[in-house]
Amino acid sequence: MADVRCKREVRLVDVWAGVEAAYQERAIARNRPALDGERKARDARLKKAAEVLARPGR
């Protein structure tokens, strides 16, 4: 119980989540071009899949 109380007092989870989010945002910014390329490729695959599934007889 003392451990949980201490973590609440120092807002460990809030701080941890904030720091992790900052690291993730920096990683995203550093890798933006590659991530954008992956997103475009994924969107193209999803569009093609939707077209295939929309064909008559499916």
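Visitor: What share of the 58 residues in the protein is buried?
Guide: In this predicted model, buried residues make up 0% of the 58 residues in the protein.

Visitor: OK, and what does the surface add up to, and how much of it do carbon and sulfur atoms supply?
Guide: The protein exposes about 5600 Å², and 59% of that area is supplied by carbon and sulfur atoms.

Visitor: Which residues form a nonpolar patch on that surface?
Guide: The patch is formed by V10, L12, V13 and W16, which together have about 410 Å² of accessible area.

Visitor: Where does V10 sit?
Guide: V10 lies in the loop between helix 1, which covers 2-9, and helix 2, which covers 12-30.

Visitor: Why does V10 count as partly exposed?
Guide: V10 is placed in that class because its relative accessibility is 49%, and the class runs from 20% to 50%, with exposed meaning over 50%.

Visitor: Back to the fold, then: how many helices and strands are there?
Guide: The protein has three helices and zero strands, so that from the N terminus on its elements read α-α-α.

Visitor: What is the radius of gyration, set against a compact globule of 58 residues?
Guide: The protein has 21 Å, whereas a compact globule of 58 residues would be near 10 Å; along its principal axes, the C-alpha trace spans about 65 × 30 × 10 Å.

Visitor: New topic: how many positive and negative side chains are there?
Guide: There are 15 positive and 9 negative side chains, and the centres of these two sets are 7 Å apart.

Methods:
Residues numbered from 1 in each chain as written. Predicted model: local features only at pLDDT ≥ 70, side-chain atom pairs only at ≥ 80, totals over all residues. Heavy atoms only, no water. Helix = DSSP H or I, 4+ residues; strand = E, 2+ residues; numbered from the N terminus. Rg over C-alpha atoms; globule rule 2.2 N^0.38 Å. Buried < 20%, exposed > 50% of the residue type's maximum accessible area, 1.4 Å probe, protein only. Areas by Shrake-Rupley, 256 points an atom, 1.4 Å probe, with all protein chains shown as cover. Lys, Arg positive; Asp, Glu negative; His and termini not counted. Charge placed at Lys NZ, Arg CZ, Asp CG, Glu CD. Patch = residues over 30% accessible without salt bridge, like charges linked within 9 Å, V, L, I, M, F, W, Y side chains within 5 Å. Salt bridge = Lys/Arg side-chain N within 4 Å of Asp/Glu carboxyl O.
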